[in-house]
Amino acid sequence: MKLKKSYTILILPNPKDKPYRFILTKRALNTIIAASAFLVLLFLFMGGSYIVMSGKVWELESLRKVTKSQKLQIQTFASTVDELKKQMSRLNELDTKLRVITNLDTTDKKNNNTQVLGMGGQKEADLSNMASLDEKMHEEALAKMHDEMSRLKSDVLKQELSFQELSDFMKEKSSMWASTPSIWPVKGWLTSGFGNRVSPFTGSWQMHKGIDIASRSETPIIAPAAGIVVKEGFEAGLGKAIKIDHGYGYVTSYGHMSKTKVATGQRVKRGQIIGFVGNTGYSTGPHLHYEVHLNNIPVNPIKHILD
C-alpha cells in the first residue's frame, strides 16, 4: 500500500518547552493554502468595497448638504420675493391714489411706461411651495427665483420713474401756487373797484384796470406771491411804482407808493415788504393802486384774494 505524502510542522513556544507537532498531508496543506488565499482576496475585496462605499456615503452626505442649502436659499428667496411683491402692490396703490388726487392723467403714465405693470404675464408658481419640490428640480426652482428677482428690480425702477413724475408734478404745482397772487397786498379799505368808473380827475368814464385800497401813509405793502421785480421807479400817473412778474402768466403792479424797498431784478417771496403806501402821482389821498394781469390781460384782483 502506497503511503500518502505528509508534512510535519513543529511549533516551539520557547527553547525549554516541549514542541507542538502537527502532521499535515499534502492535500490538507493545499486546502489550507487555498483557504488562506481566499481569505486574503476576500479581505482585499471587502477593503476595496468599504473604501468605495465610504466615498459614496461622503458624496451622498455632500449632496444632502447642498440640497439642504438649496432649500434654505429657496425659502429665503420665496420670503423675500413675496414681501417685495406686497410692497410693490402697496406702492402701486399709493401711486394710483396720488394720480387721482393730483388729477395727473394715468393714461400718460401708461404711455410713458412709468406705470408698475401687473406682476403677471404667464401664471406664476407659488414660490412658497418651491422648497418642497423634488431635489432634481431645485436648480430649476432657483433659476426661476432669480428671474423673479430680476423682474421685481425692473418693476421697482418703473415705480421710481412714476414717483419721480409725481414729484416733478407736485413741485410744479407748488411753484405755481407760490407764484399765484392770493392775499391782500396792504391792509386798508377798498375805495374803488375793478372795471369802468368815472375818473375823479376828468369826470369821464374810463377803464380802471385795478383796485384802490386806502390806507394810512407808510403802511407796509407786501408781495401777494413770489416773483421777480421787473420794474421799479416813477411812472406817469402812478407815481412811484413797482411791477412784479410771478411767472405762469401772472404780473402785478403797485402805484402811488411813498417809497420802495426792492430793486429791479430782485426776487421776492409772498408776504415780503416791497414798499409803503404813499400819495405820489395822480392821487386824491394815500392809497395803493393794485393791478393783476393774467397773460397780459387785466383781471379783477378781488378774485385773486383768498384771505
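Thr25 is partly exposed in this predicted model, with a relative accessible area of 33%. The residue belongs to strand E2, which covers residues 20–25. Its C-alpha atom is separated by 8.6 Å from that of Thr8, although the two threonines stand 17 residues apart along the chain.

Leu42 also falls in the partly exposed class, at a relative accessible area of 37%. This leucine sits in helix H1, which runs over residues 26–102. Together with Phe38, Leu39, Phe45 and Met46, Leu42 makes a nonpolar surface patch of about 560 Å². Patch members need over 30% relative accessible area, so Leu42, at 37%, passes that cut-off.

His246 is placed in strand E9, residues 239–247. The relative accessibility of His246 is 4%, and because buried means under 20%, the residue counts as buried. A polar atom of the His246 side chain lies 2.8 Å from the backbone oxygen of Ala226.

The accessibility values of the three residues are set out below.

| Residue | Element | Relative accessible area | Class |
|---|---|---|---|
| Thr25 | strand E2 | 33% | partly exposed |
| Leu42 | helix H1 | 37% | partly exposed |
| His246 | strand E9 | 4% | buried |

Aromatic rings come up in two further results. The count of aromatic pairs is one. Separately, Lys259 lies over the face of Phe276, and the distance from the ring centre is 4.9 Å. A charge is taken to sit over a ring only within 6 Å of the ring centre, so the 4.9 Å of Lys259 meets that distance limit.

How values were computed:
Residues numbered from 1 in each chain as written. Predicted model: local features only at pLDDT ≥ 70, side-chain atom pairs only at ≥ 80, totals over all residues. Heavy atoms only, no water. Phe/Tyr/Trp six-rings, centres within 6.5 Å; stacked < 30°, edge-to-face > 60°. Lys NZ or Arg CZ within 6 Å of the ring centre and 35° of its normal. Helix = DSSP H or I, 4+ residues; strand = E, 2+ residues; numbered from the N terminus. Buried < 20%, exposed > 50% of the residue type's maximum accessible area, 1.4 Å probe, protein only. Patch = residues over 30% accessible without salt bridge, like charges linked within 9 Å, V, L, I, M, F, W, Y side chains within 5 Å. Areas by Shrake-Rupley, 256 points an atom, 1.4 Å probe, with all protein chains shown as cover. Salt bridge = Lys/Arg side-chain N within 4 Å of Asp/Glu carboxyl O. Polar contact = N/O pair within 3.5 Å; in protein donor to acceptor, adjacent residues only side chain to side chain.
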